[in-house]
Amino acid sequence: MSSDYEISDEEYYDDEEMMDGTYDEDDEMDMDDYNDDFKVDTGPKKKSYEIEYESLSQADVERLMKQDIDHIVGITGVDESTAALLLRHSSWNKERLIEKYMEHPTTVLVEAGVTVPEPSEPTTSGGTRAHSVSASPTTKRTTRTGSKILSSLVSRNSSSKGSSSTTIAGSSSSRNSSTLMKRLSPDPNPNEPFVCPICFDDSPDLKPMGLDCGHLFCSGCWQAYITSKIRDEAEHCIRCMAEGCALVTPDSFVKNVLVPSSPSAAEAADAESNLIAWNRFQELIARNFVSSVPSLKFCPYPSCTNTVKCSVAASKSSLAAIVPTVSCGARGIPGSESTEESTSASGSGSGKDSKSKAASGPSSILANKEHKFCFGCPIEADHRPVICAVARMWLKKCEDDSETANWIKSNTKECSQCQSTIEKNGGCNHMTCKKCKHEFCWVCMGPWSEHGTQWYSCNRYDEKAGVEARDAQSKSRASLERYLHYYNRWANHEQSAKLSVDLYAKTEKKMEDMQLTSELTWIEVQFMKKAVEEAEKCRMTLKWTYAMAYYLAPGNEKELFEDNQRDLEKAVEDLSELLESPIEPEDITGLRQKVTDKTVYVQKRNDIVLDDTAKGFLEGRWRWNVSVEGFEDPDSA
């Protein structure tokens with residue numbers, strides 16, 4: 001019987017082969033593959049409640065737009081200006097644009113405002129087309145050469161005046177535009193000077209400009225019109241000034257109007273304001289692109305132009321399992337000190353010289369505040385651990401007047417005769433409606449005439465109306481008390497988070513005092529700042545846990561959730577008490593250790609709440625007492 005450990009002669013190398021190095025190279029072990037099995041990922045592990053996203057600047061967004069434009073140019077053969085207009089018209093949906101363009105290119109170009117529609121030709125009663133003998137300028141059919149004819153006519157007029165020049169913007173570089181029909185406005189008379197139809201200026205140095213439609217206006221009117229559209233109306237799709245003309249100005253034309261390569265004296269005077277308008281125009285185009293792409297979203301913080309790309313939260317179905325909290329990468333709140341000043345104040349110096357680097361107020365910390373928001377809903381805050389649908393339901397409930405009506409139901413009753421709302425203002429239960437003079441019992445809502453002198457035993461009256469009234473009031477009162485239980489705690493943590501600005505100021509003052517009364521440097525007292533930031537973050541978590549607990553269905557899962565909620569709340573209160581306690585010089589070392597330990601503990605408790613809640617959504621453990629989109633209906637459970 002052979003053993004599993006027996007080795008045959010073929011299973012080991014001969015001594016001569018080992019000495020000569022003549023063993024088979026195929027049997028050589030690939031050490032690189034062997035080492036790959038033992039590689040350790042040293043990067044930070046992504047937590048279950050964190051999602052993948054990417055922060056983009058406006059330049060990055062413009063780069064993505066350029067990629068889409070180049071994609072359309074490569075497939076359709078149009079120029080970049082035309083491709084940009086087509087993508088904007090189709091809400092940057094490349095697949096839908098390509099499908100429509102391949103079927104009806106002329107229709108798509110006309111609808112996007114790239115070319116003018118082909119004039120319809122009249123037909124006779126017999127069905128044959130009637131061709132006009134005299135080619136009227138308004139019905140003349142032209143191809144690309146029509147634009148050249150117009151340019152030559154205007155250039156002849158310009159040469160007769162000496163200094164005028166005409167700019168015709170369009171998509172003549174397109175391979176398909178040579179076959180598209182365009183109409184011309186009446187040709188200018190070579191013997192007459194150009195007169196702007198808007199301002200009626202006919203000066204010799206006037207600069208006529210127009211699109212492929214042939215409607216010419218002076219550069220000054222174009223500049224005023226485009227600037228007004230951009231600044232006042234925030235318009236990124238600017239059409240021709242002519243009445244009834246649907247042609248859209250290409251980006252190159254807008255740039256030539258606002259930022260000309262060789263500006264005149266009048267244009268040079270407005271160069272700065274025109275440059276601002278051009279930058280604003282580019283920003284509007286970027287915003288149109290971001291709003292059209294589901295995986296992109298602008299940062300809602302004021303004056304921030306950054307964008308976040310989050311593909312995992314692009315669909316509504318994914319929002320039932322994740323809370324897409326993202327950061328745009330920028331920091332600072334408008335009105336606070338610059339980030340650079342704050343960084344230099346907190347990061348320079350390591351000895352006693354750094355004691356003079358005291359901050360001037362809470363704005364120095366707010367300058368480093370991270371821009372965090374929810375990608376999946378309009379709530380401009382981090383509302384973890386509750387999902388977007390439940391968070392919106394809670395906010396609507398808090399803002400709705402339904403709770404006012406609930407209070408009225410709990411504290412008032414309606415007269416059984418005239419249905420007037422009555423509030424009890426005395427101790428007697430014998431009520432008289434002031435409107436219809438109906439007398440009834442406040443306890444059972446039955447007629448007072450049936451009580452006689454035995455009003456206190458009215459509970460023996462078992463009229464159906466009285467029973468239903470008492471049951472409805474009891475349910476309404478219980479519902480109101482339950483709502484107020486969660487709302488008061490939700491509002492308390494919200495108020496505490498808002499007061500964190502004052503706590504920042506107090507903490508910085510304590511950090512200065514610790515520097516003056518101890519050997520600690522400015523870097524070494526940053527533990528106080530870290531503790532305040534962690535307390536504020538945890539209070540935001542606690543705030544939204546009460547919104548989630550209000551809608552959770554009773555059961556073991558809710559009890560475990562509230563246990564984690566209780567532990568986090570207790571830890572945050574202990575940390576807040578340490579932060580607000582007075583500092584004694586002889587206790588600074590011990591206080592530093594206590595605050596540091598409590599901060600780490602609070603952070604761990606917060607991670608436990610967020611991690612357990614996120615895993616519950618992924619595993620489908622949570623059940624609600626109301627209908628929530630993406631979850632099982634509680635009535636069918």
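## Salt bridges

A salt bridge is a side-chain nitrogen of Lys or Arg within 4 Å of a carboxyl oxygen of Asp or Glu. Side chains of opposite charge can pair when their charged atoms come close. This model is predicted. The structure holds 23 salt bridges.

One of them joins R88 and D251, with 2.5 Å between the closest N and O atoms. R88 sits in helix 4 (residues 80-89), while D251 sits in helix 9 (residues 251-258), so the pair ties together parts that are 163 residues apart in sequence. Both partners fall under the 20% limit for burial. R88 is buried, at a relative accessible area of 10%. D251 is buried too, at 19%.

## Bridges and a network

K229 pairs with E233. Their closest N and O atoms are 3.2 Å apart. E233 is partly exposed, because its relative accessibility is 45%.

E534 and K530 also form a salt bridge, at 3.8 Å from N to O. These two residues lie in helix 18 (residues 526-551). They are 4 residues apart, which means a separation of about one helical turn. Is E534 buried or exposed? E534 is buried, with a relative accessible area of 2%. K530 is partly exposed, at 39%. Elsewhere, shared partners matter: salt bridges join E557, D612, E619 and R621 into one network.

## The whole chain

The protein chain has 637 residues, and 40% of them count as buried. Its secondary structure comes to 20 helices and 12 strands. The accessible surface is about 35,800 Å². Carbon and sulfur atoms account for 50% of that surface.

How do the contacts spread along the sequence? Take those in the protein chain with a separation of 6 or more: 66% of them link residues 24 or more positions apart.

## Helix 19

Helix 19 covers residues 556-580. At 1.5 Å a residue, its 25 residues should span 36 Å. The C-alpha atoms at its ends are 36 Å apart, so the expected span and the model agree.

Which residues of helix 19 are buried? They are K558, F561, N564, Q565, L568, E569, A571, V572, L575, S576 and L579.

## Aromatic pairs

The count of aromatic pairs comes to 20. In one of them, the ring centres of W222 and Y225 are 6.2 Å apart. Their planes stand at 70 degrees, so the pair is edge-to-face; the cut-off for that label is over 60 degrees. Both residues belong to helix 8 (residues 219-231). They are 3 residues apart, about one turn of the helix. W222 is buried, with a relative accessible area of 0%.

W394 and W490 make another edge-to-face pair. Here the centres are 5.9 Å apart, and the planes meet at 70 degrees. W394 lies in helix 14 (residues 388-399) and W490 in helix 16 (residues 464-498), so this pair ties together parts that are 96 residues apart in sequence. W394 is buried, at 0% relative accessible area. W490 is buried as well, at 6%.

## A ring cluster and charges over rings

W394 and W490 also belong to a cluster linked by ring pairs. Its other members are Y483, Y486, Y487, W544, Y550 and Y551.

Y550 has a charged neighbour: R482 lies over the face of its ring, 4.4 Å from the ring centre. R287 takes up a position of this kind over F298. The charged end of R287 is 4.2 Å from the centre of that ring.

## H438 in its loop

Where does H438 lie? H438 is in the loop between strand 11 (430-432) and strand 12 (439-441). With a relative accessibility of 14%, H438 counts as buried.

Its contacts reach other parts of the sequence. Setting aside neighbours within four places in sequence, H438 touches C415, S416, Q417, M431, T432 and C433. Of these, M431 and T432 fall within strand 11 (430-432).

How values were computed
Residues are numbered from 1 along each chain as its sequence is written. This is a predicted model: local features need pLDDT of at least 70, side-chain atom pairs count only at pLDDT 80 or more; totals for chains, interfaces and linings use all residues. Side-chain values use heavy atoms; hydrogens and water are left out. Buried means under 20% relative accessible area, exposed over 50%, partly exposed in between (1.4 Å probe, protein chains only). Contact means heavy atoms within 4.5 Å. Accessible areas come from the Shrake-Rupley method with a 1.4 Å probe; for residues, only the protein chains shown count as cover. The expected span of a helix is 1.5 Å times one less than its number of residues. Rings of Phe, Tyr and Trp (its six-membered ring) pair if their centres lie within 6.5 Å; planes under 30 degrees apart count as stacked, over 60 as edge-to-face and the rest as tilted. A charge sits over a ring if NZ of Lys or CZ of Arg is within 6 Å of the ring centre and within 35 degrees of the ring normal.
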